[in-house]
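Colleague: Before I rely on any of the labels attached to this model, I would like to hear the reasoning behind them. Could you take me through it step by step?

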Amino acid sequence: RKTKIAIDTLSFRTCIMEERAEEVKAPPENGVYIYGLFLEGAKWDASAQLMAEMEPGELFFSMPCIWLDPILRKDLVTDGMYNCPVYKTSRRAGTLSTTGHSTNF
């Protein structure tokens with residue numbers, strides 16, 4: 001609504017923030033911050049800005065805030081990016097009762 005751009009022409013550029021949810025003081029000018037996501041079998045290396053191997057004995061890694069910045073789909077650069085699925089549950093399964101479609105993507 002803010003930019004009056006058709007929603008079907010948008011995508012999201014993601015930026016892993018340095019801050020945890022409790023450290024964020026204000027919303028971004030554009031887009032939203034999301035939090036509460038976990039990586040399973042990998043961790044986020046903030047200094048290298050890459051996914052990395054987990055520490056021995058750890059199963060999950062709590063991600064810092066992620067900024068979803070709306071951008072025109074035609075302007076989105078995906079070279080070198082990992083298209084990581086997001087599941088709502090650790091079971092990686094689920095069905096929306098109204099449509100029968102998966103609730104995990």
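The conversation below goes through the labels one at a time.

Modeller: Please keep in mind throughout that this is a predicted model.

Colleague: What makes up the secondary structure of the chain, and how do the elements run from the N terminus on?

Modeller: The chain has seven strands and zero helices, so that the order of elements, read from the N terminus on, is β-β-β-β-β-β-β.

Colleague: Why are β1 and β2 called edge strands?

Modeller: Three strands form an open sheet in the order β1-β7-β2, with antiparallel pairing. Because β1 (10-16) and β2 (32-34) each have a single partner strand, one side of each is left without a neighbour in the sheet, and both therefore stand at the edges. Neighbouring strands of this sheet are turned by 35 degrees against each other on average, with direction ignored.

Colleague: How do you know that β1 and β7 are paired?

Modeller: Pairing requires at least two bridges between two strands, and seven bridges join β1 to β7 (residues 66-72), the two running antiparallel. As one example of the register, Leu-10 stands opposite Leu-72 in β7.

Colleague: What makes the contact between Asp-69 and Arg-13 a salt bridge?

Modeller: The cut-off is 4 Å between a side-chain nitrogen of Lys or Arg and a carboxyl oxygen of Asp or Glu, and the closest N and O atoms of Asp-69 and Arg-13 are 2.7 Å apart, so the pair meets the criterion. This salt bridge links distant parts of the chain, with Asp-69 in strand β7 and Arg-13 in strand β1, 56 residues apart.

Colleague: Are the two partners, Asp-69 and Arg-13, buried or exposed?

Modeller: Buried means under 20% relative accessible area and exposed means over 50%, with partly exposed in between. Asp-69, with a relative accessible area of 7%, is therefore buried, whereas Arg-13, at 41%, counts as partly exposed.

Colleague: Which other salt bridges does the search of the whole structure find, given that the total is three?

Modeller: The side chains of Glu-55 and Lys-43 meet in a salt bridge at 2.5 Å, N to O. Glu-55 lies in the loop between β5 (50-52) and β6 (60-62), and Lys-43 in strand β4 (residues 43-45), so the pair ties together parts that are 12 residues apart in sequence. Glu-55 counts as partly exposed, since its relative accessibility is 38%. Asp-75 also forms a salt bridge with Lys-74, where the closest N and O atoms are 3.3 Å apart; here Asp-75 is partly exposed at 38% relative accessibility, while Lys-74, at 69%, is exposed.

Colleague: How many disulfides are found, and how accessible are Cys-15 and Cys-65?

Modeller: The search of the whole structure finds zero disulfides, which means that no pair of cysteine sulfur atoms lies within the 2.5 Å cut-off. Cys-15 is partly exposed at 33% relative accessibility, whereas Cys-65 is buried at 2%.

Colleague: Which residues form the largest nonpolar core, and what makes it a core?

Modeller: The largest nonpolar core has eight residues, namely Ile-16, Leu-39, Trp-44, Met-54, Phe-61, Met-63, Ile-66 and Leu-68. They are called a core because they are buried residues of the nonpolar kinds, joined through side-chain atoms within 4.5 Å. Not counting residues up to four places away in sequence, Met-54 touches Gly-41, Ala-42, Lys-43, Leu-59, Phe-60 and Phe-61.

Colleague: Why is Pro-28 called buried, and where is its place in the chain?

Modeller: Its relative accessibility is 16%, and the limit for a buried residue is under 20%, so Pro-28 counts as buried. The place of Pro-28 is in the loop between β1 and β2. Leaving aside residues up to four places away in sequence, Pro-28 touches Tyr-33 and Trp-67. The C-alpha atoms of Pro-28 and Asp-69 are separated by 8.7 Å, although these residues are 41 apart along the chain.

Colleague: What makes the phi of Gln-49 worth a remark?

Modeller: Most residues other than glycine have a negative phi. Phi of Gln-49, however, is near 55 degrees, a positive value in a residue other than glycine. Gln-49 lies in the loop between β4 and β5, and at 41% relative accessibility Gln-49 counts as partly exposed.

Methods. Residues numbered from 1 in each chain as written. Predicted model: local features only at pLDDT ≥ 70, side-chain atom pairs only at ≥ 80, totals over all residues. Heavy atoms only, no water. Buried < 20%, exposed > 50% of the residue type's maximum accessible area, 1.4 Å probe, protein only. Contact = heavy atoms within 4.5 Å. Helix = DSSP H or I, 4+ residues; strand = E, 2+ residues; numbered from the N terminus. Axes fitted to C-alpha atoms, helices over the stretch in contact; angles between N-to-C directions.
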